[in-house]
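Student: I'm new to this one, and I'd like a close look at a single part of it. Could you walk me through the sheet and what sits around it?

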Amino acid sequence: MRRHYNFCAGPAALPAAVLERARDELLDYQGRGLSVMEMSHRGEDFVAIAEQAEADLRELLAIPDNYRVLFTQGGASLQFAALPYNLLGAGGRANFLHTGIWGKKAISEARHLFGDVHVAASSEENGHSAVPRQEDTVLSADAAYLHYTANETIGGLEFDYIPGSEGGGPRRPDGSEVPLVCDMSSSLLSGPLDVSRFGVIYAGAQKNIGPAGLVVVIVRDDLLDQARSDMPTLFGYKALAEAGSMVNTPATYSWYLAGLVFDWLKSDIGGLAAMDAINTRKAARLYAAIDGSGLYANPITLRNRSRMNVPFVLADPRLDRPFLDEAEAAGLLNLKGHRSVGGMRASLYNAVPEAAVEALIDFMADFEKRRG
């Protein structure tokens, strides 16, 4: 069997070592005589798996003790609704930084549920090619929290700063601090992170964490009592925290696989600083190849180029189909850009090896030589 190089934006590549371990444990988990996916979520075997996964994630991200870690369902899109339900109980408005399609979806859901929202800054005027400068962010006087998307997977736009003051969160016009909320679905675990800068971090699993169907939420203790009284029970961060993320049956196999990914990051990679260095090299090499060519181009401002998702277009759109067909024949999969923007997109998540990037660069150079 030959595994190809997978540049899919999500569900994305998983580490080969993780897949091999899951394969070996599929029918008989550590001599228990059954698969993890057949276990009771409340049995001691799965509880041990869940606790180890959380412990490893806490270690990787150095998560402070005053934060709860939740492993829940519905992906990041469900959190677009869960967040305002959990954080608007004390009044005020949801504030947003709008830098692309996923940020727009979060805004739309909050507006649909609760009416008025406030867009504190937006990159719409520049076509989402550059993140708004921090000094251009203006929160509403009644801001309950500020939400942003750290990395827009579709547009390939990434924040080069954490909103707020160093060591503190963003501030309302009167100077009072506002909790910072971040969708890190495509950037969490790609490098070290100061979790203490945030009130809530959430991430769909299918980029750097594991398979689809799981979402990780990291929430500060003081925000667990800010929920609206009309919130659906399964949305509640406090209920999930008190129940160990088991208010109902969780996505047990996805949780188990996420735990294997955390262990891989610790044991095989050497932690998030090492992962950060690898990801920096991968992105730098691919952007250099794009910038040095006469056929390919990337539209994003240099300081906001995503390390995880690299979109690019060909000078002649008529070459798009041949490029994709030939790339797939060469074992380079899922390079088609999102339908809303077109072109190409190479997602360089943690499990995409440096060899995959080198193979893509070699193919692009050869294609340009023959077709450009």
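**A look at the open sheet**

Tutor: Happy to. This is a predicted model, in which local features need pLDDT of at least 70 and side-chain atom pairs count only at pLDDT 80 or more, while totals for chains, interfaces and linings use all residues. Residues are numbered from 1 along each chain as its sequence is written, and side-chain values use heavy atoms, with hydrogens and water left out.

Now the sheet. Seven strands make it up, and it is open, with mixed pairing; read across, the order is β2-β10-β9-β8-β5-β3-β4. At its edges you'll find β2 (67-73) and β4 (118-122), each of which pairs on one side only. From one strand to the next, the twist averages 20°. (Angles run from 0 to 180 degrees between N-to-C directions, with axes as lines fitted to C-alpha atoms.) Some vocabulary: strands here are DSSP runs (E, at least two residues), while helices are H or I runs of at least four, and both are numbered from the N terminus. Two strands count as paired if DSSP finds at least two bridges between them. As background, strands of a sheet pair through backbone hydrogen bonds, either parallel or antiparallel.

Start at the β2 edge. β2 pairs with strand β10 (residues 214-220) in the antiparallel sense, over seven bridges. Along that pairing, glutamine 73 stands opposite leucine 214 in β10. Despite being an edge strand, β2 has five of its seven residues buried, so it is largely enclosed by the rest of the structure. Buried means under 20% relative accessible area, exposed means over 50%, and partly exposed is in between (1.4 Å probe, protein chains only).

Now hop over to the β4 edge. Here strand β3 (residues 93-98) and β4 run parallel, joined by four bridges. Asparagine 95 of this pair faces histidine 118 in β4.

Away from that sheet order, have a look at strand β7 (residues 157-158), where leucine 157 is found. Leucine 157 is buried, at a relative accessible area of 1%. Its C-alpha atom is separated by 5.3 Å from that of serine 306, although the two residues are 149 apart along the chain.

For contrast, leucine 26 is in the loop between α1 (16-25) and α2 (44-61), and at 35% relative accessibility it counts as partly exposed.

One last stop: the cysteines. Cysteine 182 is buried at 0% relative accessible area, and cysteine 8 counts as buried too, at 18%. The structure holds zero disulfides, a disulfide being a pair of cysteine sulfur atoms within 2.5 Å.
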